[in-house]
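Me: I'm new to this structure and would love a close look at a single part of it. Could you pick one spot and walk me through its surroundings?

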Amino acid sequence: MTAPYAASFGSLDPHVTPRAQDDIVNKAIHRTLYNWNTAANKLELELAKSVSVSPDGLTYTYKLRDDAYFHNGRKMTADDLIFSYSRIMDSTKGYPGARYVRLIKGAVDVEKNQSKEISGLKKIDDFTLEMTITDRVDPGYYFFAGTTAILPREEVEKGNFASSPVGLGPFKFKEHIPGSRVTTERFDKFYKTGKPYLDKLEVLIMAEAAARDVAFRNKEIDTSILGPAQYVAYRADPQLSKGILEVAEMFTRAITMNHESIKPFQDKRVRQAINYAIDANLIISRLVKDKAYRATSWLPPSSAAFDKTVKPYPYDPEKAKKLLAEAGYPNGFEFELTTSQNESWGLPIVEAIIPMLARVGIKVKPKLVEVTVLTELAMKGEHQAYIGSNLTGPDSLATLRCYYSKTPRTACNYTGLKNAEFDKLLDDAAQEGDMAKRDELLKKANNLLYDEAPVWFFNYNKAVLAYQPWVRGLQANPTEITHQYPEDIWVDASSPAK
Amino acid sequence: MLLVLGRRLANVVPTMLAVVALVFLLFSVLPGSFISGMNEDGRSAMDPAVMERMRKEMGLDDPLLERFAKYVANTARGDLGTSFRTREPVTKMLSGRIWPSLKLVLAAMTFAILVGVTLGFLAALRPGSWIDTASMVGAISGLSLSQFWFGLMLMYLFALKLQWLPSFGYGDGGLRNLVLPAIALGVGPMALLARTTRAAVLDVLNADFVRTARSKGMSERRVVEWHVLRNALVLVITIVGLQFGSLMGQAVVVEKLFAWPGVGSLMVDSVFQRDMPTVQGCILMIVLFFLVINTLVDLAYVVIDPRIRYQ
């Protein structure tokens with residue numbers, strides 16, 4: 001497998017790093033309470049056999065696996081979950097997983113150093129854990145993130161855990177050559193009988209797409225992530241086109257308009273006009289080389305609250321002009337659009353948008369910044385509008401809360417949308433215990449967002465994984481295609497590996 | 001020789017201090033930070049409370065001067081700080097990267113010297129011949145080549161088409177994986193050395209003392225070995241030293257392309273993610289390497305040309 005997002009791994013301690021690159025390895029070595037079942041497109045228990053929920057929906061009692069062993073040979077117990085979640089809330093460390101663990105009652109007290117223990121975690125016996133949460137949400141969305149992996153206390157306390165990680169995953173750590181690769185070996189006591197199928201798994205760091213291409217064609221690597229240019233070439237190749245896995249990932253690319261900094265953005269008709277004025281389909285086909293799915297609203301197609309009947313805004317500059325005139329801007333207006341260099345959701349897209357918006361009278365002043373700066377600007381509210389890629393799943397409720405009027409800007413409310421009807425739909429959804437009914441409410445909220453058009457809905461990322469003909473069992477994981485559960489992968493006899 | 005060494009070492013400290021100050025200040029005024037950069041790919045959402053705690057843990061809220069003073073004091077004790085990204089000591093991270101980088105730079109320089117000096121020498125001995133023309137065309141091409149493009153071409157030819165060598169990676173650290181990145185990195189210095197050697201040898205061949213040696217009946221081989229080679233070597237060594245010293249920094253592109261785990265690729269990653277302690281550590285390492293190589297070159301002058309000793 002290849003790790004394509006950077007020239008190194010951040011850390012092999014899963015609590016330390018939230019990066020997608022690091023989770024590629026973490027999926028092999030570590031495990032979390034829940035995982036994502038790609039085939040069923042839903043979360044499922046991983047380290048527990050069953051769970052019962054109290055009538056108020058706030059207390060979860062997990063019957064943990066009694067056959068899960070750490071790579072040091074010790075059996076996992078409820079103490080390990082308590083230790084791991086408490087470590088994540090360490091008041092002296094900024095562990096990214098704290099945003100999830102904070103859901104547990106009393107976790108905030110540990111975070112504030114007012115308590116040593118999370119009061120909402122109670123060990124009933126070695127294999128039974130009671131968890132009390134503070135919000136009526138599905139904890140699966142919180143405890144499937146790699147940053148909440150379960151670790152063995154004794155190994156962590158030895159120090160130097162990132163250099164010799166020990167986990168519950170199907171593969172045990174063997175070697176890490178920083179900047180080059182991580183090698184893991186089959187863990188014989190993995191709790192899923194007969195798995196993993198592979199004897200060895202190597203994750204090779206290959207940040208350069210052109211180099212990955214050569215290595216893949218040379219059969220030195222089994223899988224490779226494709227960018228737009230390679231996607232075109234691989235689709236056109238009779239052999240390579242047979243080994244392409246595609247999925248609409250849970251990332252929505254959009255222009256986020258700051259309604260508080262630009263007056264015209266406060267008018268729904270102006271925002272709708274922008275959606276009508278840009279020919280998104282043309283940009284997707286010509287610039288993104290069809291390596292994207294047209295976005296209709298905020299939630300991606302894999303969400304249970306996604307409404308398949310809704311069609312994206314059509315390209316209609318005349319309607320855009322009419323809406324602008326109705327809103328009191330017949331001659332358009334001007335705004336600054338902040339962008340990064342990204343080829344799929346950055347400067348090239350902005351360059352295509354400028355003349356389209358100019359046609360309806362809107363003048364765009366592009367402002368180029370490094371990608372690391374985008375979020376900082378958005379959090380400070382220093383943007384008029386910016387184009388970026390946004391995580392929009394799998395928790396649809398949490399995702400839509402970025403448009404809830406009471407959500408602070410620093411917590412992702414970068415538009416400043418205020419819509420009482422939308423707020424009520426989210427409030428109702430949060431109170432609804434029946435998941436099907438909740439999804440219906442969220443679907444209505446997502447459709448309301450379509451109408452409100454707080455952003456320009458551009459596309460959902462089409463992640464593309466190329467694989468060799470002998471590789472089997474890959475999963476089209478919409479949360480991140482590089483995050484494979486490697487215990488399900490196997491290679492057939494045609495593999496050149498000895 | 002001790003005087004040369006002493007003078008050189010005295011220059012190292014202020015140079016390093018200036019580099020540290022420059023890097024530190026540059027990174028402090030750049031927009032964006034490691035923490036906001038954790039969201040860069042839109043694949044992970046950071047929590048404001050955690051971000052605040054991380055800022056505190058990493059000392060990013062402290063005044064700039066206080067941070068700088070702390071950094072200089074720690075560096076003087078050999079502590080380069082803790083990486084924001086991995087939360088490991090920077091010295092530990094660098095220690096794992098130095099040997100692969102050194103190996104790559106040494107191999108590239110060996111290739112450059114063997115091929116470049118030989119070609120330049122042959123070209124100078126037979127000016128205007130086909131060897132001269134071919135070597136100089138090769139040298140100019142080598143100087144103009146983009147390392148990235150040339151590396152890709154090497155991969156395409158030797159890995160994909162001929163299947164002689166692996167296209168990427170560190171493998172077991174052996175020669176097979178080293179060859180292609182070393183050639184890609186070494187082609188620039190090789191070309192420069194070929195041109196420099198040719199010019200230096202031609203210059204010496206026309207010198208009075210060479211004419212005198214020939215008129216005394218010395219064989220051409222002895223003239224070349226005894227007079228030409230030694231005198232031309234001073235200029236060649238200067239170029240070797242300068243190129244050798246700067247190769248560690250130049251290796252960034254090649255290391256990224258070939259997924260070679262050296263200091264260069266660590267630095268690029270750290271720059272993009274604003275991992276300031278690691279960037280500073282990498283730059284210090286590269287500058288130190290450059291200064292050490294240049295000191296060794298200065299000492300080599302003294303050995304090769306006794307006149308320098310008396311100056």
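**Around strand β10 of chain A**

Reply: Let's start with a pair of strands: β1(A) and β10(A) run parallel and are joined by two bridges. One place to find this pairing is T2(A), whose bridge partner in β10(A) is L204(A). Please keep in mind as we go that this is a predicted model.

Strand β10(A) also pairs with β9 (residues 181–186) of chain A, this time in the antiparallel sense and over five bridges. Here you can look for V182(A), which has V203(A) as its bridge partner in β10(A). As a bit of background, strands of a sheet pair through backbone hydrogen bonds, and they can do so in either a parallel or an antiparallel way.

Now turn to helix α6 of chain A, residues 209–217. Is this helix mostly covered or mostly open? It is mostly covered, with seven of its nine residues buried. The buried residues are A211(A), R212(A), D213(A), V214(A), A215(A), F216(A) and R217(A). What lies over them comes from both chains: the cover includes β1 (2–3), β11 (223–225), α7 (228–236) and β17 (455–467) of chain A, together with α7 (147–161) and α10 (220–257) of chain B. So you meet β1(A) again here, because that strand, the parallel partner of β10(A), is also among the elements covering the buried residues of α6(A). After α6(A) comes K219(A), which has a positive phi, near 60°.

That brings us to the meeting of the two chains. In this model, 50 residues of chain A are in contact with 47 residues of chain B. On the chain A side, β10 (200–205) and α6 (209–217) each supply at least two residues, as do α3 (98–101), α12 (371–380) and β16 (385–391). By class, the residues on that side of chain A divide into 26 nonpolar, 14 polar and ten charged.

While you are looking at chain B, you could visit G188(B), which is found in helix α8 (residues 175–205) of that chain. This glycine is buried, with 22 other C-beta atoms within 10 Å. Leaving aside residues up to four places away in sequence, G188(B) touches G142(B) and L143(B). Its C-alpha atom is separated by 9.3 Å from that of I140(B), and those two residues are 48 apart along the chain.

Back in chain A, there is a second sheet-like region to see. Four strands form an open sheet in the order β4-β5-β7-β6, and the pairing is antiparallel. The edge strands are β4 (48–53) and β6 (121–125) of chain A, each pairing on one side only. From one strand to the next, the twist averages 20°. Helix α2 (residues 78–88) of chain A packs on this sheet, touching β5, β6 and β7, and its direction makes about 170° with that of β6(A). Within the sheet, five bridges join β5 (residues 59–64) to β7 (residues 128–132), and T61(A) has E130(A) as its bridge partner in β7(A).

One last stop is a pair of helices in chain A. The axes of α8 (residues 268–277) and α10 (residues 317–326) come within 8 Å and cross at roughly 165°, so the two helices are roughly antiparallel to each other. The crossing is left-handed. Residues making the contact include V270(A) and A273(A) of α8(A) and L323(A) and L324(A) of α10(A).

Methods. Residues numbered from 1 in each chain as written. Chains lettered and ligands numbered in written order. Predicted model: local features only at pLDDT ≥ 70, side-chain atom pairs only at ≥ 80, totals over all residues. Pairing = 2+ DSSP bridges. Axes fitted to C-alpha atoms, helices over the stretch in contact; angles between N-to-C directions. Contact = placed C-beta atoms within 7 Å. Nonpolar A, V, L, I, M, F, W, Y, C, P; charged D, E, K, R; others polar. Parallel < 35°, antiparallel > 145°, perpendicular 65-115°, else oblique. Left-handed = near helix turned anticlockwise from the far one by under 90°. Buried ≥ 20, exposed ≤ 12 C-beta atoms within 10 Å, placed from the backbone.
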